[in-house]
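Please open the model in your viewer and keep the selection panel at hand. The tour goes from one selection to the next and says what is to be found at each stop.

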Amino acid sequence: MRILLVYATVEGQTRKIATHVAERLSGSGHDITLIDATDAKAAPAADSFDASILLAPVHVGTFPAPLRHFAKANVEALMARPGAFISVSLAAASADKGEVAEIAGYVDKFSKETGWWPVSVHNAAGALKFTEYDFFRRWMLKRIAEKEGGPTDTSRDHEFTDWNTLDAFVDGFVAHAPTVAGKI
């Protein structure tokens, strides 16, 4: 399959996830086009890909503007083929079911704003990049992590992405995309 991957990142974890997905799919024989939404002008024509996967982190209750703009500007091409969305956030790792459920609202808001409705959504847990934060952000996130029972060692980063679950999601989406394509 020819698969379009478009991502936006803030702290780099979504880029890491997008690169992982691209390498996994390429290794399985798929033709991958990986695009950073901040560099993207337009999606390839709808007939140049069989499916798409968009990836973005949640920050302050929304996804980065470059991905929102990309999806909105290219909605016809994206809607012409099966699409998946991978939302990246620390809330996906939370034991609080309410926080996890809140992510679905962000994805729904994204779809309403852009007009792009993915057929599959995966919420991937992100990372705490303590070593990259300024003093205030490190202090604030340490307090939140402490309240949640998470890691508070600020001398290193903490990754929460469940790579096996992510791989299973991507494999499942790609396996079912040809079936879904016949219904679009």
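Contact, a term needed at several stops, means that heavy atoms lie within 4.5 Å. The model is a predicted one, in which local features need pLDDT of at least 70 and side-chain atom pairs count only at pLDDT 80 or more, while totals for chains, interfaces and linings use all residues. Residues are numbered from 1 along each chain as its sequence is written, and side-chain values use heavy atoms, with hydrogens and water left out. Helices (H or I, at least four residues) and strands (E, at least two) are DSSP runs, numbered from the N terminus.

**Helix α2**

Select residues 65-73, which form helix α2, and colour Leu-67, Arg-68, Phe-70 and Ala-71, which are buried; buried means under 20% relative accessible area, exposed over 50% and partly exposed in between, with a 1.4 Å probe and protein chains only. These buried residues lie on the same side of α2, because they cover an arc of only 165 degrees around the axis, the arc being that of the directions from the helix axis to the C-beta atoms. On the face turned away from that buried side, look for the exposed residues His-69 and Ala-73. If you now add β1 (2-7), β3, α3 (75-79), β4 and α4 to the view, you have elements that are included in what covers the buried residues of α2.

**Strand β4 and its neighbours**

Next select residues 83-89, strand β4, where seven of the seven residues are buried. Gly-83, Phe-85, Ser-87 and Ser-89 point one way from the strand, whereas Ala-84, Ile-86 and Val-88 point the other way. Strand β3 (residues 51-57) runs parallel to β4 and is joined to it by six bridges, two strands being paired if DSSP finds at least two bridges between them. Ile-53 has Ala-84 of β4 as its bridge partner. Strand β5 (residues 120-125) also runs parallel to β4, again with six bridges, and here Ser-87 stands opposite Asn-123 of β5. Following the chain from β4 through helix α4 (residues 97-114) to β5, you trace a β-α-β crossover that is right-handed, which means that, with the strands pointing away from the viewer, the path from the first strand over the helix to the second runs clockwise.

**Ser-52 in strand β3**

Stay with strand β3 and pick Ser-52, which is buried with a relative accessible area of 0%. Leaving aside neighbours within four places in sequence, Ser-52 is in contact with residues including Leu-4, Leu-78, Trp-116 and Phe-173.

**Aromatic rings**

Show the aromatic side chains, among which the structure holds seven pairs; rings of Phe, Tyr and Trp (its six-membered ring) pair if their centres lie within 6.5 Å, and planes under 30 degrees apart count as stacked, over 60 as edge-to-face and the rest as tilted. Phe-63 and Phe-85 form an edge-to-face pair, 4.9 Å centre to centre with 80 degrees between the planes. Phe-63 lies in the loop between β3 and α2 and Phe-85 in strand β4, so the pair ties together parts that are 22 residues apart in sequence. Both Phe-63 and Phe-85 are buried. Phe-110 and Trp-116 form an edge-to-face pair at 6.3 Å centre to centre and 90 degrees between the planes, and ring pairs link Phe-63, Phe-85, Phe-110 and Trp-116 into a cluster.

**Last stop: Trp-139**

Finally, select Trp-139 in helix α5 (residues 135-148), which counts as partly exposed at 44% relative accessibility.
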